[in-house]
Structure formats: C-alpha cells, structure tokens
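Reader: Before we discuss any labels, could you put the sequence and the model in front of me, so that each term can be set against its criterion?

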Amino acid sequence: MCKHTVLIVILISLLNISKGCKPVKENNKFPNTNVYVKLKKTADKLQYEILKDSKSLQMVTFDNFLTSNDLQLTPKGTLQVTDGTNSIEFDLVLSTNSITHIRVIRNNVPTNTQPMDCVDLNISNLHWYGGPEDRYQYWPVERLTFDNYTYLTKEDHNAGLAERYWLNSKGTFFYVETETPLLITQNTKGHENQLCFSAKNGLPYNTRVNPRTFVYHIGIAENAKVAHMHAVKTLLGHPTGHPDERMVQYPIWSTWALYKTKINESIVRELASAITSNGFENSQLEIDDDWEDCYGALTFKKSKFPSMKSFAEELKEKGFRVTLWIHPFINKDCEPHYSEALSKGYLVLDHNKNPDTQWWNSKKGEAAYVDFTKTEAQNWFKQRLQRLQTEDGIDSFKFDAGETSWVPSDPVLAGDAALSPHQITEDYVRTVGSLGPMVEVRSGQGTQDMPIFVRMIDKDSEWGWNNGLLTLITTLLQMNMNGYPFVLPDMIGGNGYNNKPPNKELFIRWLQANVFMPSLQFSYVPWQYDNETIEISKKITKLHADYTPQIMERFKLATRTGEPVNPPLWWVDPEDMVAQGIFDQFLLGDSIIAAPIVKEGETKRDIYLPKGTWRDGNSKELHTGPIWIMDYSAPLDTLPYFEKIN
C-alpha cells in the first residue's frame with residue numbers, strides 16, 4: 001500500500017472517531033437508502049438503533065432476546081436477525097426528508113413466551129401522548145403506570161379507547177398492529193422510565209391462534225406534528241363525515257346524572273318544561289337508564305311510559321328531539337328476548353357454549369352480550385332499534401359499553417380469530433354508528449373513520465386527577481391524539497356518584513371548560529342552584545353556540561385531513577418545549593386557546609401563550625407569544641380564552 005493511500009485511510013479513521021461514529025456494515029443498511037439498523041450489546045441486553053446517515057433516530061431494547069448473530073439483508077430487502085430459533089425482521093416502509101417509517105416484525109411468537117421490546121421514556125427530556133383512555137388520565141402520559149396490562153378496551157381503568165399508538169414530543173411514534181396480542185408495561189419495578197410492548201399467546205386473547213404475530217411500527221419525523229399527521233394518514237385513519245351540527249350548537253339534556261333510574265313520563269315532561277321555561281336551547285333530550293320492560297327488551301315500560309309515541313310527539317312539538325340510552329346486553333330474566341337471541345345464535349358464547357357474563361345492571365352470570373361480530377346479530381339488533389324509531393318516535397340513540405371486558409372469558413367470535421376479543425368493540429361501534437349523525441358511543445377500536453360522537457366514559461363529580469374536572473381536558477387531548485376528533489364530553493359537573501352531586505362552583509367551572517369542546521351535555525341543571533348560576537350558564541352556552549361555525553370548520557377539516565379538533569397547545573408550535581408539557585389548556589383548531597379554571601376555590605391562574613399574536617377574549621388586550629400571563633383574574637363568571645390574530 002502506498003504512503004498516500006495509508007494516509008487517506010488514517011485520516012478517514014480519525015474523522016470517524018472525531019464524529020463519534022463507527023463505519024456501519026453493509027448488511028445493516030436498507031438497499032439504496034441512507035437508513036441503517038445497528039445491533040448494540042450491553043452487559044445483559046441487546047438493543048437496536050435506527051440511524052439515518054450518521055444521526056441516531058431511535059433506540060429500542062430487547063428485554064428477553066439475545067443473540068451473537070448480526071443482521072442480515074434478506075432477498076426482499078428487509079434486515080433480519082435470528083437467535084437460531086426466533087427471528088426479528090426490519091422492513092423500511094418509507095424514507096423521505098421528513099419521515100422515516102420502519103416496521104418491526106416477529107411472525108412467530110411461540111406459545112408460553114412473551115417477547116418484550118422497551119423504549120426509554122426519557123422523562124427528563126421528552127413528553128409522551130396517546131396511549132389508552134384511563135381513569136387517572138395524566139397528560140402527557142409518561143406518568144401513567146401499567147404492569148403487564150392487556151391492551152384492550154375494558155371497564156378497568158375506564159379504557160373505552162385503547163388505540164395502540166404513542167407519540168413523543170421529539171417526533172417519534174410507535175404503533176402496534178391489531179393482530180398482536182399486546183400487553184404493555186410502563187414505569188414498573190425493573191422497567192422504571194420505560195414503556196414496553198410485549199406479546200403473549202394467552203387469555204384474554206384467543207389462545208387457539210398459533211403462531212401469533214408481534215408487529216409494530218416506528219415513525220421518526222422532524223417534529224411531533226409531522227409524525228402524527230403521517231400516522232393519521234397511514235395507520236390511524238380519520239373520519240369520513242361529521243356528527244349532527246345541532247348537537248354541536250345547542251346542549252344535550254340527559255336524565256341520567258340528575259335522576260339516575262328514577263325516570264318516567266312525568267319527570268321527563270317536567271325536565272323538558274324547565275329547560276324551555278328557564279330560557280335554554282336544546283339539541284335533544286336523552287332518556288337514560290330504566291325505560292325498558294327489562295334489560296335487553298328494547299320495549300318501553302308501560303308503567304313509566306304508557307304511550308311513548310304520543311309522548312315523543314309532545315316533546316317534538318316543544319322543540320325537542322328524543323334520544324334513548326341503549327346497551328348491548330340482554331339479562332337472563334328478560335324473556336322472551338333472551339331465549340330468542342340464544343336460540344338464534346345472537347349471543348357471545350365461550351368455548352364451552354356458555355353465554356353467561358355480567359355488567360353493571362346484572363348479577364354475575366345473569367346476562368349475555370349480543371354478538372356483533374355476526375352479521376345476522378347486527379341486523380337483528382338494528383331492526384329492533386329502527387322499530388323504536390318508527391313505532392315510538394325516537395330520533396336517535398346514546399350507546400353505552402362496547403368494551404371487550406363484558407364478553408365471557410375465552411369467547412368464540414366470528415371473523416378473523418386472531419382479532420379476538422377486541423373485534424367485538426369495532427363491530428359494535430360500526431353497527432350502531434351506521435344509524436346516523438346523531439349517534440354517540442363511548443368505545444372505539446380502529447373506528448376513527450366513523451362520523452359520530454365518541455363520549456368520554458363517566459366522569460366523577462371531583463376536581464382533580466381522580467376522574468374529575470381536570471381529566472375532562474386531558475381525556476379530550478388523549479382522544480384527539482388517538483384520531484378521535486369528535487369528542488363528546490361527559491355530563492357537566494360529573495355524574496354525582498356516591499351521593500356527591502357537583503356544587504355550584506364545580507358545575508360552573510365544568511361548564512366553562514366545555515365551551516371550546518365540541519358539545520355541551522347537561523344533566524344537573526343550572527336552576528337547581530340559584531339565579532346567578534342560571535345567568536352564568538346562559539352566558540356560557542351562548543358563547544359556545546356563537547363559536548359553532550369555528551367548531552364545524554374544524555369538523556370538516558378533520559374529515560379531509562384528520563387534523564384534531566381539540567389538539568394540545570404544542571400543535572401551534574411543535575418545537576415549543578413549554579407547550580409540550582401543558583395539560584390544563586387546550587386548543588380549538590390552531591387559533592383559539594381555552595384556559596379554564598380547574599382548581600377548587602381559585603379565581604386566578606397562570607396562562608401560557610405560544611408563538612403568535614393572541615387577543616384576550618375577555619379584555620380584548622393583545623399579547624405576543626411565547627409568553628406567560630401570570631395570575632390572570634377569572635372570577636366565577638369568567639372563562640379565560642384567547643384568539644389568534646393572523
């Protein structure tokens with residue numbers, strides 16, 4: 001070798017050392033790209049690192065996969081590593097200047113194994129968004145704790161939505177495919193400051209599917225907004241239409257929280273009369289629990305509603321539309337409906353052909369779940385609902401439940417067995433969601449395309465993280481960042497469980513927090529407090545109605561592009577590190593900031609405004625962000641909000 005050649009080699013080596021990088025083997029590189037995957041061995045773990053040129057994009061730790069083998073380039077252009085028995089494959093989905101998208105594949109997860117891949121949450125430098133709906137809905141979500149948590153819609157944790165999607169403030173997302181029998185572990189002993197994805201061929205998933213797959217996606221973009229919009233376009237999807245505009249403009253009035261099951265024609269009539277006599281508008285009046293002959297009958301109790309058709313016409317003459325609370329269960333004592341459904345095969349059975357399950361209006365083993373994975377059961381259920389519309393004058397429905405946890409253990413479901421059991425959530429929502437734009441549901445599973453309201457699971461009449469007012473905002477953000485922009489907030493003031501109805505202050509602050517959300521839903525009523533509450537409530541409901549055009553504009557944008565209706569504050573400026581951590585403010589679109597009071601007894605709060613010029617909605621004063629406004633005065637009749645000036 002000549003001296004010049006030796007000198008060049010030495011210089012190249014020194015240059016690589018000075019850059020802190022080592023040459024990457026050719027079999028670590030996706031063909032005809034500048035994207036690499038490298039394996040890195042620590043003392044007891046194996047990691048993989050995604051790189052673009054010399055820039056590290058993401059590191060993931062294999063929790064229980066070790067091998068001395070290196071990556072190999074396969075004939076189809078993927079990268080693969082094996083431990084001699086199991087293989088992991090990396091497929092480059094897309095590489096552009098703005099996004100790198102890789103799919104990580106295990107096509108065979110042997111029984112009695114649980115491969116787990118872990119991501120460092122890097123809490124000191126990053127925030128995380130998405131994840132499941134949760135009773136203690138922290139936001140950002142890195143504070144949540146899960147221990148081998150089966151990732152399904154379920155009653156536990158209030159997980160009405162459990163989309164398999166996480167996004168961080170740096171601009172990286174993770175999405176786990178539906179066929180994966182997914183469990184997550186987060187912030188537990190041995191996995192502190194980590195979010196771990198694992199797959200296990202065990203209950204409540206269908207154990208008869210073998211082999212199972214464990215497949216997830218990693219997307220890395222220049223910022224979180226770009227990453228999220230790519231995920232919406234390629235993985236999450238977005239609505240194909242939008243809900244009824246009148247449900248946006250005027251309040252929904254429900255019997256539930258105020259009356260619970262103590263309802264009848266007289267009580268509903270009195271409620272309707274009080275709404276109009278106190279000068280309030282309505283989108284509809286919803287008759288909630290205990291109107292049926294028995295649970296699952298879908299026929300009215302004559303003792304409570306002797307002539308529903310005539311009563312519905314009476315309400316409509318007063319300007320009300322009439323909706324009904326509906327659930328997907330049939331109790332065993334509800335005959336002949338239970339026997340009919342069982343004989344026709346319309347109930348979910350376990351593998352011993354047993355339909356027994358339990359929900360909140362039954363004892364253990366005394367109810368069954370309609371099997372919405374069967375087309376015949378879907379049609380039967382819809383026909384019974386349509387009869388309520390044609391014969392009883394009902395306009396639409398509020399659908400409850402739908403989560404997987406209500407099915408019998410080890411269920412037999414129709415369709416692709418690998419999707420069991422969360423397939424029933426999707427099929428339930430798609431069945432009932434086809435009944436029109438006035439429909440509301442409380443669960444979802446890959447149903448972001450449905451043009452219907454998705455309601456938050458019941459909130460308690462509390463203030464804080466314990467499923468209270470604060471979580472109204474954080475759940476709104478969680479749902480939007482999982483691709484569900486048409487969020488119906490729960491009852492104003494919460495549900496008053498445990499004989500604890502909202503007091504005046506909580507009721508008013510809750511109503512104010514709703515203003516720039518898509519819809520208002522009353523059950524507790526302003527006139528049960530005092531005249532001041534009535535006047536403040538009229539002012540606030542009018543403010544919401546006045547902004548209906550802006551809300552509908554965002555609804556229509558969501559159907560075109562999938563942009564959230566109520567995004568987090570950083571949507572205005574994804575690089576704003578302060579905005580990335582804000583949990584008690586939210587946006588309507590990208591031009592209105594809502595900053596409601598969410599702490600008991602407070603009449604002042606600090607408000608953060610990101611970049612741009614913002615007009616105070618109350619004082620009309622202009623502010624140029626980024627800026628903190630300290631001790632903003634907000635007495636009980638005042639909602640702090642700001643509009644962006646272009």
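Author: This is a predicted model, and a good place to begin is strand 12, from which Thr172, Phe174 and Val176 point one way and Phe173 and Tyr175 the other way, all of them buried.

Reader: What makes the side chains of a regular strand divide between two faces?

Author: In a regular strand the side chains alternate between the two faces of the sheet.

Reader: Why is strand 12 called largely enclosed by the rest of the structure?

Author: Buried means under 20% relative accessible area, and 5 of the 5 residues of strand 12, residues 172–176, are buried, so the strand is largely enclosed by the rest of the structure.

Reader: Which strands pair with strand 12, and in what sense?

Author: Strand 11 (residues 165–168) pairs with strand 12 in the antiparallel sense over 3 bridges, and tryptophan 166 stands opposite phenylalanine 174. Strand 15 (residues 212–221) also pairs with strand 12 in the antiparallel sense, over 5 bridges, and there isoleucine 220 is the bridge partner of threonine 172. Pairing requires at least two bridges between the strands, a criterion that is met by the 3 bridges to strand 11 and by the 5 bridges to strand 15.

Reader: What backbone angle does glycine 171 take in the hairpin of strand 11 and strand 12?

Author: Glycine 171 takes a positive phi near 110° in that hairpin, which has 3 residues between the strands.

Reader: Turning to the whole chain, how do you know that it is as compact as a globular protein of that length?

Author: The secondary structure of the chain comes to 13 helices and 32 strands. Its radius of gyration is 27 Å, close to the 26 Å that the globule rule gives for 646 residues, so the chain is as compact as a globular protein of that length. Along its principal axes the C-alpha trace spans about 100 × 70 × 40 Å, and buried residues make up 59% of the 646 residues.

Reader: Why is valine 578 called partly exposed?

Author: The partly exposed class lies between the buried limit of 20% and the exposed limit of 50%, and valine 578, at 35% relative accessibility, therefore counts as partly exposed. Valine 578 is found in the loop between helix 13 (548–561) and strand 28 (586–588).

Reader: Which residues form a nonpolar patch with Val578, and what is their accessible area together?

Author: Trp628 and Met630 form the surface patch with Val578, and together the three residues have about 290 Å² of accessible area.

Notes. Residues are numbered from 1 along each chain as its sequence is written. This is a predicted model: local features need pLDDT of at least 70, side-chain atom pairs count only at pLDDT 80 or more; totals for chains, interfaces and linings use all residues. Side-chain values use heavy atoms; hydrogens and water are left out. Patches are made of residues with over 30% relative accessible area and no salt bridge: like charges are joined within 9 Å, nonpolar side chains (Val, Leu, Ile, Met, Phe, Trp, Tyr) within 5 Å. Accessible areas come from the Shrake-Rupley method with a 1.4 Å probe; for residues, only the protein chains shown count as cover. A salt bridge is a side-chain nitrogen of Lys or Arg within 4 Å of a carboxyl oxygen of Asp or Glu. Helices (H or I, at least four residues) and strands (E, at least two) are DSSP runs, numbered from the N terminus. Buried means under 20% relative accessible area, exposed over 50%, partly exposed in between (1.4 Å probe, protein chains only). The radius of gyration is taken over C-alpha atoms; the globule rule is 2.2 Å times the number of residues to the power 0.38.
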